[in-house]
Structures are given as C-alpha cells and as structure tokens.
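Open the model in your viewer and keep the selection box at hand. We will go from stop to stop, and at each one you will hear what to pick and what is there.

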Amino acid sequence: MFQNLLSLFCFVLAPLYFLYVCVQHLSPKSATVFKRKPSTPKAEYIQNIMAESGQPPFFDKPRLVVNKVLARAQQESAGGIFRRCIGRSELKSLDPFLMFVDFSLTPPSGFPDHPHRGFETVTYMLQGGLVHQDFAGNKGTIRTGDVQWMTAGRGIIHSEMPAGEGPSKGFQLWINLASKDKMTEPSYQELLTEEIKRAEEDGVEVRVIAGESMGVRSSVYTRTPTMYLDFTLNPGAQVHQKIPESWNSFAYIIEGEGVFGSSNSSPVAPHNLLVLGPGDGVSVWNRSSKKLRFVLIGGQPLNEPVAQYGPFVMNTQAEISRAIEDYQYFKNGFELARSWRSQ
C-alpha cells in the first residue's frame with residue numbers, strides 16, 4: 001500500500017506540481033516583477049530610470065555630468081580678472097581642448113604681444129571689445145557678440161587689448177590641432193554678431209558659433225571638428241542637444257541655474273564648468289524663474305601626445321625646443337617678428 005502511494009506521488013503528483021510552478025513563473029503577471037534584467041546595459045538602465053521618473057528617454061545614451069569645476073575669479077594682471085576652467089590643476093585639459101577661460105579686462109590690462117604655435121584660439125565677446133593686431137599687419141576689433149577663430153598654425157605673434165574704457169568680457173578657448181595641421185599657415189575666421197546663425201523655438205534660443213543645432217548649421221570651418229553653442233532658456237524651457245558619441249564635451253553656465261544630464265540632478269549655478277560623460281546627447285532644463293544661459297562645447301579628441309610650453313603646443317619635447325628656437329631666431333614662421341611691435 002505504501003509503495004503504491006509513493007509511486008503515485010513520484011510519477012504523477014510531483015510532476016504535476018512541478019509543471020504548475022513552472023507555469024506560474026512563466027505567466028505574464030509574474031514576469032513584470034523583474035523590471036530590470038541583470039544583463040541590462042548601463043545606458044538602457046539609465047534610460048529606464050529616467051522613464052520611471054516621468055522623463056521620456058530623449059537619447060539612447062544620455063550624457064550625464066561626471067565632473068563639476070567651479071571657476072573662481074582671480075586677478076592675474078592689473079585690471080584683469082580671470083576664471084580658469086580648463087587649464088588648471090583640477091582639469092588640465094579635455095582633449096582636444098587645452099584651455100577655457102572666462103575673462104574680464106579693464107585697461108591697462110590685456111594680452112600684449114605674445115606668440116602661438118600648434119593650436120587654435122577662439123575668442124567670444126560677451127561685453128565690450130578687444131582690439132587685435134598681429135605681425136602680418138592684420139588689425140581689427142571684435143565687440144559684444146562677435147567671434148574671432150584664429151588658427152595659429154606654424155606661428156603667429158599678436159596682441160589682444162581691451163577697446164574703450166569699460167570692462168571687456170568674454171571667453172577664450174584653446175583647441176589643439178592634429179600633428180598634420182600644426183604647421184599650417186596662420187588664418188582667421190571672424191564672425192560679427194549679426195552673422196552668427198540663430199534658431200529659436202519653445203522658449204529656447206541658440207547661437208550656433210560652430211557645429212549644428214535646431215536645424216541650423218554654422219559656416220565656421222573647424223580643422224579639429226568642434227561644436228560651440230550659446231543657449232538661452234526661458235523659465236520652464238528645456239533643450240535636448242545631440243553630440244557625436246565619440247566627442248568630449250562640457251557646458252559652462254553664464255547666468256541663471258540649470259539642471260543638466262538627468263532631470264533628478266540638482267540645479268547648477270553660474271561659473272561652473274560641467275564635464276559631460278559619454279553618450280549621444282545631453283538634456284538641460286530651466287526650472288527657475290529666471291533665464292538660463294550657458295555655452296555647450298564639444299570636440300573630437302585627437303588622441304595624440306601633447307607637449308606644451310606656454311603658448312607653444314606640439315607633440316614632442318623636441319618640437320617644443322624647435323618652436324622656442326624658431327621664435328628666438330625669427331625663423332620657420334616667425335620671420336616677421338624681428339621688427340614688429342603692436343601699436
């Protein structure tokens with residue numbers, strides 16, 4: 001009798017119970033308990049979190065803030081106040097960017113005669129003006145909203161001094177050049193404020209200095225592929241900007257407060273530089289009662305060795321020594337420096 005009951009349990013009841021348990025675990029109701037599989041990629045997991053918080057996934061791989069650097073004001077010359085963001089101990093560089101500085105100049109401060117080789121400088125004026133002169137006879141003034149994109153290439157000597165009595169404020173960005181472009185001939189691209197293309201939609205305005213945004217593309221030629229966007233967001237507005245996935249990028253807040261990367265992040269105040277992590281785009285929200293203005297800058301990393309001595313940026317120390325020698329002995333690009341002084 002006992003053997004018959006045991007056989008009934010082993011060969012009939014036990015298999016039926018096992019089948020019942022399997023069916024329960026495979027049912028749709030049970031499957032929804034596992035909202036995230038252990039093998040879910042990180043980007044997809046971030047996207048799931050954003051969706052659960054009520055934010056739609058604007059990008060497959062949203063860029064998040066991975067570093068924040070507060071640019072404190074420092075007086076480095078008579079009447080000159082500088083907020084260094086890139087090119088300091090906390091953030092020495094962000095390939096291909098060598099330096100980003102927020103400056104305010106009042107006479108007699110400025111950037112008197114000095115050389116460059118091996119990279120580009122981009123000067124964007126927010127207020128006032130700068131008078132530019134170089135040893136090739138070029139001279140001009142850029143004023144509020146204007147941009148000068150200078151390719152130093154094999155060598156240039158120039159000066160940048162404030163125009164007028166009031167403060168001259170703006171940004172200067174140094175962009176490294178690839179080894180194949182470092183000894184190119186010097187050149188300029190200057191954009192007056194009215195020549196910079198703009199777009200506006202749903203409380204968001206963008207000035208496209210380089211790259212593309214909101215269907216508008218800049219005419220500036222960038223040897224090192226670069227985007228340079230100046231955004232203004234009204235209260236309650238948001239923007240979602242694509243960035244090539246292989247590029248490095250950062251944002252710098254000019255005025256107001258903004259939420260960057262994730263909708264759950266804390267608002268960021270002016271004079272903070274935000275390094276963005278990998279991804280295919282960044283989202284920004286203005287949840288304050290005041291306007292938010294910031295620049296968004298990105299570039300394709302060169303992934304080349306960098307040797308730098310002040311205003312000379314090359315790939316090796318031997319090339320730096322050669323640049324110093326060329327400058328001192330007025331050769332290989334610095335021939336015109338022998339008799340030139342800015343006025």
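Start by selecting L130 and I142: I142, in β8, is the bridge partner of L130. Strands here are DSSP runs of E with at least two residues, helices are runs of H or I with at least four residues, and both are numbered from the N terminus. Two strands pair if DSSP finds at least two bridges between them. Before moving on, note that this is a predicted model, in which local features need pLDDT of at least 70, side-chain atom pairs count only at pLDDT 80 or more, and totals for chains, interfaces and linings use all residues. Residues are numbered from 1 along each chain as its sequence is written, and side-chain values use heavy atoms, with hydrogens and water left out.

**Stop 1: a hairpin and its sheet**

Now select the whole of β7, residues 129-134, together with β8. Five bridges join the two strands, which run antiparallel. Add V131 to your view and you will find T141 as its bridge partner in β8. The two strands form a hairpin with four residues between them. In that turn, click on G137, which has a positive phi of about 95°.

Which strands complete the sheet around this hairpin? Its order is β5-β10-β7-β8, an open sheet of four strands with antiparallel pairing. Color β5 (111-116) and β8 (139-143): each stands at an edge with a single partner strand, so one side of each has no neighbour in the sheet. On average, neighbouring strands of this sheet are turned by 25° against each other, direction ignored; the axes behind such angles are lines fitted to C-alpha atoms, for helices over the stretch in contact, and angles run from 0 to 180 degrees between N-to-C directions.

**Stop 2: an enclosed strand**

Next, select β21, residues 272-276. Are its residues buried or exposed? Five of the five are buried, so the strand is largely enclosed by the rest of the structure. (Buried means under 20% relative accessible area, exposed over 50%, and partly exposed in between, with a 1.4 Å probe and protein chains only.) Show the side chains: N272, L274 and L276 point one way, while L273 and V275 point the other way.

Keep L274 highlighted and bring in β1 (residues 65-70), which pairs with β21 in the antiparallel sense over five bridges. K68 has L274 as its bridge partner. Then add β19 (residues 248-255), joined to β21 by four bridges and also antiparallel. Here A251 stands opposite L274.

**Stop 3: a serine in a loop**

Zoom to S218, in the loop between β16 (216-217) and β17 (226-233). S218 is buried, with a relative accessible area of 10%. Its side chain reaches the backbone nitrogen of V220 at 3.0 Å. Leaving aside neighbours within four places in sequence, S218 is in contact (heavy atoms within 4.5 Å) with V208, I209, A210 and G211.

**Stop 4: helix α4**

Select residues 317-328 to see α4, a helix of 12 residues. From its first C-alpha to its last it reaches 17 Å, close to the 16 Å expected at 1.5 Å a residue; the expected span is 1.5 Å times one less than the number of residues. Pick I320, A323 and D326, which are buried. Look down the axis: the buried residues fall within an arc of 125°, so they line one face of the helix. That arc is taken from the directions from the helix axis to the C-beta atoms. An α-helix has 3.6 residues a turn, so residues three or four places apart point the same way.

What covers the buried residues of α4? The cover includes β24 (307-309) and β25 (312-314). On the other side of α4, Q317 and Q328 are exposed. Just after the helix comes F330, whose phi is positive, near 55°.

**Stop 5: two cis peptide bonds**

Select D95 and P96, whose peptide bond is cis with omega near 15°. P96 is in the loop between β3 (80-86) and β4 (97-105). Then move to P107 and P108, joined by a cis peptide bond with omega about 10°. P108 lies in the loop between β4 and β5.

**Last view: the whole chain**

Zoom out to see four helices and 25 strands. Of the 343 residues, 46% count as buried.

Note on methods
Polar contact = N/O pair within 3.5 Å; in protein donor to acceptor, adjacent residues only side chain to side chain.
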